[in-house]
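Trainee: I am new to this structure and would love a close look at one part of it. Could you take me through it slowly?

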Number of protein chains: 2
Amino acid sequence: MRQGLTTQQLQDMDAYWRAANYLSVGQIYLQDNPLLEVPLLLKHLKPRLLGHWGTTPGLNLLYVHLNRVIKAFDLDMIFIAGPGHGGPGIVAQTYLEGSYTERYPAIERNRNGLCRLFRQFSWPNGISSHVSAQVPGSIHEGGELGYSLVHAFGAAFDNPQLIAACVIGDGEAETGALAASWHSNKFLNPIRDGAVLPILHLNGFKIANPSVLARIPHEELISLMRGYGYEPYLVEGDDPLLVHQALAATLDTVMQSICDIQAAARQAPKGERPQRPTWPMIILRTPKGWTGPKCVDGLPVEGTWRAHQVPIADFSKPEHLQQLESWLRSYRPQELFDKNGQLRAELAELAPTGHQRMGSNPHANGGELLRPLSLPHFHDYAVPVNRPGAVKAEATRVLGNYLRDVMQRNLESGNFRLFGPDETASNRLDAVYQVTGKAWMAAIEEVDLNLSADGRVMEVLSEHLCQGWLEGYLLTGRHGLFSCYEAFIHIIDSMFNQYAKWLKESKAIAWRKPVASLNYLLTSHTWRQDHNGFSHQDPGFIDHVANKKADTVRIYLPPDANCLLSVTDHCLRSHDYINLIIAGKQPEWQWLDMPSAIRHCTAGAGIWNWAGTEGPEGPDVVMACAGDVPTLETLASVTLLREYIPDIRIRVVNVVDLMVLQPNSEHPHGLQDNDFDELFTNDRPVIFAFHGYPALIHKLTYKRSNHDNFHVRGFCDEGTTTTPFDMVVLNNLDRYQLALDAIERIPRLRNDVDRARERYWTMMEWHKRYISEHGEDLPHVRDWQWTF
Amino acid sequence: MRQGLTTQQLQDMDAYWRAANYLSVGQIYLQDNPLLEVPLLLKHLKPRLLGHWGTTPGLNLLYVHLNRVIKAFDLDMIFIAGPGHGGPGIVAQTYLEGSYTERYPAIERNRNGLCRLFRQFSWPNGISSHVSAQVPGSIHEGGELGYSLVHAFGAAFDNPQLIAACVIGDGEAETGALAASWHSNKFLNPIRDGAVLPILHLNGFKIANPSVLARIPHEELISLMRGYGYEPYLVEGDDPLLVHQALAATLDTVMQSICDIQAAARQAPKGERPQRPTWPMIILRTPKGWTGPKCVDGLPVEGTWRAHQVPIADFSKPEHLQQLESWLRSYRPQELFDKNGQLRAELAELAPTGHQRMGSNPHANGGELLRPLSLPHFHDYAVPVNRPGAVKAEATRVLGNYLRDVMQRNLESGNFRLFGPDETASNRLDAVYQVTGKAWMAAIEEVDLNLSADGRVMEVLSEHLCQGWLEGYLLTGRHGLFSCYEAFIHIIDSMFNQYAKWLKESKAIAWRKPVASLNYLLTSHTWRQDHNGFSHQDPGFIDHVANKKADTVRIYLPPDANCLLSVTDHCLRSHDYINLIIAGKQPEWQWLDMPSAIRHCTAGAGIWNWAGTEGPEGPDVVMACAGDVPTLETLASVTLLREYIPDIRIRVVNVVDLMVLQPNSEHPHGLQDNDFDELFTNDRPVIFAFHGYPALIHKLTYKRSNHDNFHVRGFCDEGTTTTPFDMVVLNNLDRYQLALDAIERIPRLRNDVDRARERYWTMMEWHKRYISEHGEDLPHVRDWQWTF
């Protein structure tokens, strides 16, 4: 290895760093005079000063140095900026290397372009202040903190040549998601996967406080990193020239270590289980707001939390303008840019070229690399259903067979993984283990099953890691599915939000190519948590998803296994959506054969004529349902009604794609009003049995003409460890309640209401007595009489 | 220190452990024959076998040993069971020590009681399978994993005599929240606060996988714990007698270490800053499902993931019944219980008595210890408002003055803390630093401000820690307020869910005394994220909260500083609620003087006559608003309307307490229908400007008679780094849009619609051009003409 930077290298790299810092400060402050060709005046400053300076010089330093090792080691590297509110830095870097102008030709590499670059930053209709989808080379939004490292690992999986350099802010390091992410190294295979280089940037402060990791003793910090399984390398200082040398030497060592680890693993005899290596990581300790003003108004700024955002503000004080000008001139812009405002050629040469530039790495625009999955014919996995209710099946187990073959067919291309928080088998998707194992690079013992260094099922007891890995995997052009207990998906509500925002933004950016959809399969759902009770009963994620932009989210509630197959196949083929699928894992009656299921799922909602009895004059009542358990209860209530009131006219409507309920103006899947009315009528009572909170159905349908007749039953936050039937009773979603609801709302049955209520209370008494005594459900499930 | 357990002690403790294990297995399996007085028959088994065995023997072991040290060291200790799905264990222990029967007299300490104890477990109308609010001595629900350690710290704050023994499952240890929680020791003051004893229980497996921490090398694990700042003590084995001795010796050492640390800190000279000690922690490595069946159907069970739930099932195989009987008899119940089914006296003596029993510790029923806060008169902090719109104020800064004095008045009782993820100052509550600092036990440097070992403001960049600490603090009988950026509160959506469930359950338990409400102040909200853009813009937490039980949640949107004072005072006095308060921090116009604010907040919603013009024939339109920014835009639109259409009749309704909108049948704050109609009329158009997603207003009001005339504007997921006014424009919530909405819906103004639309488009053009050029808002804010 070389013994350090030459004087020339050192000077050039420092100049490149100064250029990036200069452009960063320029973005925060300037709207004119970008090369400081004339003395700085107030009118050159933006009227509103927005941006984050504190973390920026550190990000810039790392980017410059990573550029060097990319060239020296001929690397394929992406940059993940955990402290992504340092947006000006990454924008500056991608501008300097040319990536930015290639994506945004108006931001030319000259004085005019500089002016636009500065002006657009944090400007209405310009670019955001954080690293976002707008920034070339980014797969990571710099807003909510905590997800950088998990994104880096997601990107590295199945990309053996890729190195994800991941800067972790010391503020971010305090978050839960980040704290858990360090252990991702137990899931990374040095043969099959690429490398992640975590760089913990201790600049010491958050918005208003010191950071924890910057204030624990050195030995504790080193011990912590070793405990996470990394070999830490410390680079520390506030003298740029010394830090340049130290960082360069460390990066040489670290890159060599990564190459050695990979070479050793990859040259080992085939079939030998690879060992988990001790990957290197870097701790970089430099001042917050480094190279910025030391003091403002007599208070220290550089090296303190005061450097977090805009260090000099309030330009009513004349000395502030002067101070800003000195700060800007301290980077000696005239040495960095030529007269036209172009970075001097000898500096521009420092950056890599083409796809080796981190702003142009195709992995960071994953759609460019996306190949469609090879999918089997999902019809081949169909549950044979001769007549509705003839057989039972476990929907997710059926899906497991299909997913096994999806996995099988894409093993070679290595672009599909399943993610789950220790629940893949519990969710009955374990057929996949016939073709692949669970990724596991920690120790293995004799008793273990299905663990493998090559496994493509990602299991860890952290929803944050599942979500973050999958996001990183998708944004770098691959495919995946995340299966989760329904209640606990709320753990990643906020990550979902941020990902939905990313998708929305990236769809508006022409050069961002579509990526595979993020697919959730929620099972072990609210209605069948017999083992676990109330803490595991919550269907609110549907509401959370339904709040997001209609062009981004899809919500499916397949009523049986064949519908689940059809819906999942559709989702795996889709792009740029977040697909939410909710389906139970317990043995349940099956309703549709595969041709019917496909028709039904394609329509999104439909009348189940085989269950209804309406005749020419139309129905007395529409019994609607969405979700597998509500469908079961609805059909059972229809059976009861038809038995006790033989001349009743019932229409059964099942909804698979929840978004059909919304007006067409609100969601592309929304039914036209006349189609909606054809399903739900204009004037008949609609008893709607819903998987989630009932109010959501009202929220989706309140603009429909028949809305006032909608009567919705669903989860009303009642639950405990109890039997499946008792769960629906507790929430008034049971067959008896639904039947009573119908009778109460059909005008011509007014005389039957009292008798029906009486019968209802009798049934409830019987139910209560029975389960208190037997601890199990009423033996009430009868044979279904349906035929197609 | 003693040199180990005597033979008698050893035998007795092992017997006590066997008794607890026996009762645990009994709860999972038996509905009869609780003492195995006759050979086990199928009819003695429950029809459905639910529960989690795997973690239970470890929890039981720890409980028995902690009982010993409580007596030996005269300790005040609570037990937090991270792997709380081991419910049968904690139920068994609290039963054995007598706490259970004191709370539930029907569960007598005899054969009959045993039978009921067994039968109620995981039984409809019985008790849940996890540790829950029903279990005496618990402050921690055992459903969703990850929050044990943070709850333990929350309990220990300001309880100098208390030790929170916290068992952390190795599955749970993989979660984000738990991974972040270890660093809570940087916030615990050994003088003022109690101690937390983390016990990492490595039983090696989760549901279906080994756990990460059980499969990293010993040195890494030790290094990790040292990195977190703890001194780890390892106890390991599978021979009960050896483990008893090792655990007893370790607990003696560890308890002595805690006592020494506290003594040293507390005896130090007054005024000397206490140092962060290296607290001890224990790593306990014992087999999963220890003492359970070694093998079932030829497959290993003890020491594997197969022991997770019910190790022997499927009693159609006769050998299973035999195997279960052998397992139960292996605990030798006849040696443990007398003929009547009572624990033998010599064993019962091992448990502590009275409040020293962990199931009877009053800290774990915090309402018993709750003292009301001493609150200043909030009127004293009022912003003087002579006429609406006469002055501007920063609402949260005004509140900060009040909170400072709340802090001041309760410093001595030490039962109030503020929690925030590095945002207290950013949220403009920094007046509190005049009377207290930020808790900080890590290193302090010269540049730091307001850090203090005695600080009562809890700042860490982790919403999980803020939420979890506060939960632990409240459930042990204290008060607090959590201020957070609005968008990022979603990080704790799932913790909120679980806490809401806990509150709902505990309110149904007579012996659980009411605790102080959990108060959220969300600020730096969606509409004023000029610095940060889209990632920081999300008002969806309101929807999340609104899904929960009406008797648990409250949502307030005070329109100005005086209303914020009134609402906050109310919330700090309340019990057993979750109060969500949303208010901006930016300088905004003030509307109500304090008497009006109090009247308005007490009513929850009201007509602002001073802003309206309706006259005797009633309004043409109702302009309604909820939230500070929507209120501003509504009043501005009213100004426009009154200026351009002098004879327009407008009613302005402001909503502070969102739940007034719900029907009275759904929420206790819900207005009666006639009161609602008096505000919103029966037939006039209502233009409703809302802080959050508009659909929520429809969801709350769809049953109201005038609902079809409600036209709601709110956040529709559009955002970026832009000016405040542009944000409302992007989401169609701006004054021009609201005015146009009104004109379009007033029949008698039909002829004005075209002109109004034209004017609207002119305004929008002007707006767009102006902000593109100037990067700041239109100079459109006019003087307000209101008088009371």
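How many residue pairs are in polar contact between domain 1 of chain A and domain 2 of chain A?

Mentor: Happy to help! Keep in mind that this is a predicted model. The count between domain 1 of chain A and domain 2 of chain A is 23 residue pairs in polar contact, with both residues at pLDDT 80 or more. On the domain 1 side, helix 6 (148–156) and helix 7 (176–181) of chain A each bring at least two residues to the face that touches domain 2 of chain A. Helix 6 of chain A gives the most to that face, with five residues.

Charged side chains take part as well. The rule finds three salt bridges across the interface of domain 1 of chain A and domain 2 of chain A. As one salt bridge to find on your screen, try A:R417 and A:D193, whose side chains meet at 3.0 Å, N to O.

Now let us step back and see where these two domains sit. Chain A is divided into domain 1 (7–12 + 52–104 + 124–315), domain 2 (380–588) and domain 3 (605–782). Notice that domain 1 of chain A is written as three stretches of sequence, whereas domain 2 is written as one. Between domain 1 and domain 2 of chain A, the C-alpha centres lie 31 Å apart. Where they meet, 37 residues of domain 1 of chain A are in contact with 35 residues of domain 2 of chain A.

The area tells you about the kinds of atoms involved. About 3,000 Å² is buried between domain 1 of chain A and domain 2 of chain A, and carbon and sulfur atoms give 59% of that area. Three residues are good ones to highlight here: A:A133, A:F187 and A:R273 supply 23% of the area that domain 1 of chain A buries against domain 2 of chain A, more than any other three residues.

Before you go, here is a look at domain 3 of chain A, whose range is 605–782. A:F680 is among the residues that touch the most other members of the largest nonpolar core, a set of 380 residues. Leaving out residues up to four places away in sequence, A:F680 touches residues including A:V622, A:A624, A:V653, A:L661, A:F688 and A:F710. A:R651 and A:N706 are also among the residues that A:F680 touches. A:F688 is itself named with A:F680 among the core residues that touch the most other members, and chain B has B:L658, B:F680 and B:F688 in that group.

Methods: Residues numbered from 1 in each chain as written. Chains lettered and ligands numbered in written order. Predicted model: local features only at pLDDT ≥ 70, side-chain atom pairs only at ≥ 80, totals over all residues. Heavy atoms only, no water. Core = buried A, V, L, I, M, F, W, Y, C linked by side-chain atoms within 4.5 Å. Buried < 20%, exposed > 50% of the residue type's maximum accessible area, 1.4 Å probe, protein only. Contact = heavy atoms within 4.5 Å. Domains from an automatic or database assignment. Buried area = accessible area lost by both parts, 1.4 Å probe. Salt bridge = Lys/Arg side-chain N within 4 Å of Asp/Glu carboxyl O. Polar contact = N/O pair within 3.5 Å; in protein donor to acceptor, adjacent residues only side chain to side chain. Helix = DSSP H or I, 4+ residues; strand = E, 2+ residues; numbered from the N terminus.
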